Amino acid sequence: MTARLVLVQGPIAVGKSALARALTARLRRDGARVALVELDQIAEMALPTLPDWADAHRIFCSVVAQWLGTPLDVVVAEGVGSPEEAAALHAAVADARGAPPDGEPTLSVVLTVAYATALERALADPTRGISRDPAFLRREYDRWDRVRQEMPADLRLDTSAATLEECVEAVAGCLASRGEPA
């Protein structure tokens with residue numbers, strides 16, 4: 001059996017990590033074998049000397065692909081924020097499996113939130129770095145507004161309109177409707 005990949009995508013401070021962690025906890029409580037791979041944790045391994053975020057993305061893709069090759073039920077991958085990053089992840093997984101990228105059983109979840117809400121969240125989180133800079137965050141949200149409709153999505157959620165629990169239930173419901181553990 002092939003593990004299902006749940007790809008949590010979106011801009012900075014949208015709630016990707018919160019959703020990925022809560023979903024992972026929910027699936028594990030329900031008896032599923034789950035791995036959680038977070039881009040920020042991969043990057044953190046090399047901070048403050050991370051050469052380039054592209055390196056972190058490449059390693060993230062590799063780790064996700066490796067977990068998908070184990071007898072897990074679900075791999076939750078969090079950290080993708082552009083169509084190019086999503087394509088690179090699918091290519092890495094396909095390469096590791098020797099299969100075409102479109103053959104991967106993926107549930108793609110795209111999160112969105114208004115810039116003002118993201119800024120409020122970022123400013124309230126003392127662990128954040130540059131994402132607390134309003135000008136940087138504004139540029140990221142302007143970029144996101146240009147690319148978000150291009151993001152592959154089975155499910156789109158606005159994290160300002162739905163609670164974390166509602167988002168988890170929506171993703172778990174999609175997994176269950178596809179016959180996956182939820």
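A search of the whole structure, a predicted model, yields one aromatic pair (rings of Phe, Tyr and Trp, the last by its six-membered ring, pair if their centres lie within 6.5 Å; planes under 30 degrees apart count as stacked, over 60 as edge-to-face and the rest as tilted). The partners are Tyr115 and Tyr141, whose ring centres are 6.1 Å apart and whose planes meet at 65 degrees, so the arrangement is edge-to-face. The pair connects distant parts of the chain, with Tyr115 in helix α5 (residues 115–124) and Tyr141 in helix α6 (residues 134–147), 26 residues apart; helices (H or I, at least four residues) are DSSP runs numbered from the N terminus.

Tyr115 counts as buried at 19% relative accessibility, and Tyr141 does too, at 2% (buried is under 20% relative accessible area, exposed over 50%, partly exposed in between, with a 1.4 Å probe and protein chains only). The ring of Tyr115 also has the charged end of Arg138 sitting over it, 3.8 Å from the ring centre (CZ of Arg, or NZ of Lys, within 6 Å of the centre and within 35 degrees of the ring normal).

Turning to α5, Tyr115 is joined by Ala118, Leu119 and Ala122 as buried residues. These cover an arc of only 100 degrees around the axis, which places them on the same side of α5 (the arc is taken from the directions from helix axis to C-beta atoms). This buried set packs against α6 (contact means heavy atoms within 4.5 Å), while Ala116, Glu120 and Ala124 are exposed on the other side of α5.

Residues are numbered from 1 along each chain as its sequence is written, and side-chain values use heavy atoms, leaving out hydrogens and water. Local features need pLDDT of at least 70 and side-chain atom pairs count only at pLDDT 80 or more, whereas totals for chains, interfaces and linings use all residues.

Key. Helices (H or I, at least four residues) and strands (E, at least two) are DSSP runs, numbered from the N terminus.
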